[in-house]
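Open the structure in a viewer and keep the selection tool at hand. The stops below go from one selection to the next.

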Amino acid sequence: MTYANEEREAEITEPPLSLDSTVRLPEGLWPADDDRAIEALEEAPSMAVVPPPPLDPPPLKQLTLMLDWYLSPQHAALIVAKERGLFAAQGLDIALSTPADPSIAIKLLSAGEVDLALTRQPLLHLHAHEGAPIVRIATLIETPLNAVIVAGEAPAPANVEDTLADLHYGFSTREGRDVLVERLLPRSVRQVDDFVAPESVHFDAADALRSSRVDAVADGFYHSLPAQLAADGIVTHTVRYSELDIPRHDGLILVANSDSVARRATTWSRVLLAVEEASNWMIEHPDEAWSLLVTTHPVLDNPIHQTTWDDLLRRVALSPAALDERRYAAFERYLQNAGAISNELPVARLAVNPHLLMTR
């Protein structure tokens, strides 16, 4: 035991072992304190901290829409839909163009030169019977915007028919020539020796009445024409179509090419969703809508348009795609009874609801 204790003490007194050598690390494994190492670290790849750039939105579908005539408040739903980005929200970019001659819009649509066009319901019927491949897909204004505008004071109610039959008429469109004039001038009147045939006023009804070339215009815009003439001191009175027993019909409609309407139903449905949103917004915000019109299109800012704005809003279709088949069938019967057409076309040939076409 004594020996063991002495041996343990001897071990404790020995100095501990140490590694007296130099450790070398491969170059680049550990950074040095010189500038070269700092540069190497700066060039080393690092994790991306910037989010990736956003994906570009899909391109808008380009469409062309030809108006029925020069820009006016009756086109407000289209203007609002474009300026408020409602078309863009549906993935559409619609260019509104004004025709040099109102009669060419249907021709360009039939030839596929434009995607959409504006017209009036009576003109749709007349062109369709001539074989034009057009079909109504929406109603923008639900009542006629035209009427018989007559120079002079209004006669007594009992004498209206007789007074109208003695007038020399002008007309701007086929609607005035083939529908209204035929109604206003009885056959007996047209057979007298001194009968003066109606004449075209070439879309300048105000000048024709101002110069007394005609006594009345069969298809004048009653919102603007009487006011224009009143500014020149010319008194007029208006005879609405309903007073002549002409069936109520759509005053402004949107038409597409009937050959492709089913194939493009999805696109037309998106167009009408934007127009419906614009129409309802105008009714709820009439002052803001008027301000938007005259700000984006200063040419519309005049006293006549401002005075008639409220009345025009009352005639705007709040469900543009909705189709009143009875109304189109009734007008077909009226035209046939009046001798303007020889046979009736089915409503499906004249008008459709694009929303319903998508479900077939």
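**Stop 1: the largest pocket**

This is a predicted model. Start at the largest pocket, which has a volume of about 760 Å³. Its lining comprises 36 residues; select Pro 102, Arg 120, Ser 172, Thr 173 and Phe 203 to find those nearest the centre.

Next, colour the elements that build the wall. Helices H5 (104-110), H6 (121-129), H8 (174-184), H10 (205-210) and H11 (225-231) each give the lining at least two residues, and so do strands S3 (116-119) and S8 (216-221). By residue class, the lining of the largest pocket holds 15 nonpolar, twelve polar and nine charged residues.

**Stop 2: the rings around Phe 203**

Keep Phe 203 selected, as one of the residues nearest the pocket centre, and turn to the aromatic pairs, of which the structure holds four. Add Trp 69: with Phe 203 it forms a tilted pair, 5.5 Å from centre to centre and with 40 degrees between the planes. Trp 69 sits in the loop between strand S1 (61-66) and helix H3 (76-83), and Phe 203 in the loop between S7 and H10, so this pair ties together parts 134 residues apart in sequence.

Are these two residues buried, partly exposed or exposed? Trp 69 has 22% relative accessibility and counts as partly exposed. Phe 203 is also partly exposed, with a relative accessible area of 27%.

Another ring pair is found at Phe 331 and Tyr 334, whose ring centres are 6.0 Å apart with planes at 45 degrees, so the pair is tilted. Both residues belong to helix H15 (residues 325-337), where they are three residues apart, about one turn of the helix. Phe 331 and Tyr 334 are both buried.

Before leaving the rings, go back to Trp 69 and Phe 203 and add Tyr 70: ring pairs link the three into a cluster.

**Stop 3: salt bridges in and around H8**

Side chains of opposite charge can pair when their charged atoms come close. The structure holds 14 salt bridges. Select helix H8, one of the elements in the pocket lining, and show the side chains of Arg 174 and Asp 178. They form a salt bridge whose closest N and O atoms are 3.4 Å apart. Both residues lie in H8, four residues apart, about one turn of the helix.

Now widen the selection to include Glu 130 and Arg 177. Together with Arg 174 and Asp 178, they are linked in a network of salt bridges.

**Stop 4: two salt bridges that involve loops**

Select Arg 213 and Glu 199. The closest N and O atoms of this salt bridge are 3.0 Å apart. Arg 213 is in the loop between H10 and S8, while Glu 199 is in strand S7 (residues 199-200); the two are 14 residues apart, and the pair links distant parts of the chain. Arg 213 is partly exposed, at a relative accessible area of 35%, and Glu 199 counts as partly exposed at 26% relative accessibility.

Then select Arg 264 and Asp 115, a salt bridge with its closest N and O atoms 3.2 Å apart. Which parts of the chain does this pair tie together? Arg 264 lies in the loop between strand S10 (252-257) and helix H12 (265-284), and Asp 115 lies in the loop between H5 and S3, so the parts joined are 149 residues apart in sequence. Asp 115 counts as buried because its relative accessibility is 18%, under the 20% cut-off.

**Stop 5: Asn 257**

Stay with strand S10 and select Asn 257, which is found there. Asn 257 has a relative accessibility of 13% and counts as buried. What does Asn 257 touch, not counting residues up to four places away in sequence? Its contacts on that basis are Leu 109, Ser 110 and Pro 133.

**Stop 6: helix H13**

Select helix H13 (residues 286-296) and show its buried residues: Ala 289, Trp 290, Leu 292, Leu 293 and Val 294. To see what they pack against, add H3, H12 and helix H14 (303-313).

**Last stop: the whole chain**

Clear the selection and show everything. The protein has 17 helices and ten strands. Of its 360 residues, 43% are buried. Among contacts between residues at least 6 apart in sequence, 79% join residues at least 24 apart.

Key. Residues are numbered from 1 along each chain as its sequence is written. This is a predicted model: local features need pLDDT of at least 70, side-chain atom pairs count only at pLDDT 80 or more; totals for chains, interfaces and linings use all residues. Side-chain values use heavy atoms; hydrogens and water are left out. On a 1 Å grid over the protein atoms alone, a cavity is a set of points where a 1.4 Å probe fits but cannot get out, and a pocket is an open set with protein on both sides within 12 Å along at least five of seven lines; lining residues have an atom within 4 Å of a point. Grid points are joined across faces, edges and corners, and a volume is the space filled by probe spheres set on the points. Ala, Val, Leu, Ile, Met, Phe, Trp, Tyr, Cys and Pro count as nonpolar, Asp, Glu, Lys and Arg as charged, and the others, Gly among them, as polar. A salt bridge is a side-chain nitrogen of Lys or Arg within 4 Å of a carboxyl oxygen of Asp or Glu. Buried means under 20% relative accessible area, exposed over 50%, partly exposed in between (1.4 Å probe, protein chains only). Contact means heavy atoms within 4.5 Å. Rings of Phe, Tyr and Trp (its six-membered ring) pair if their centres lie within 6.5 Å; planes under 30 degrees apart count as stacked, over 60 as edge-to-face and the rest as tilted.
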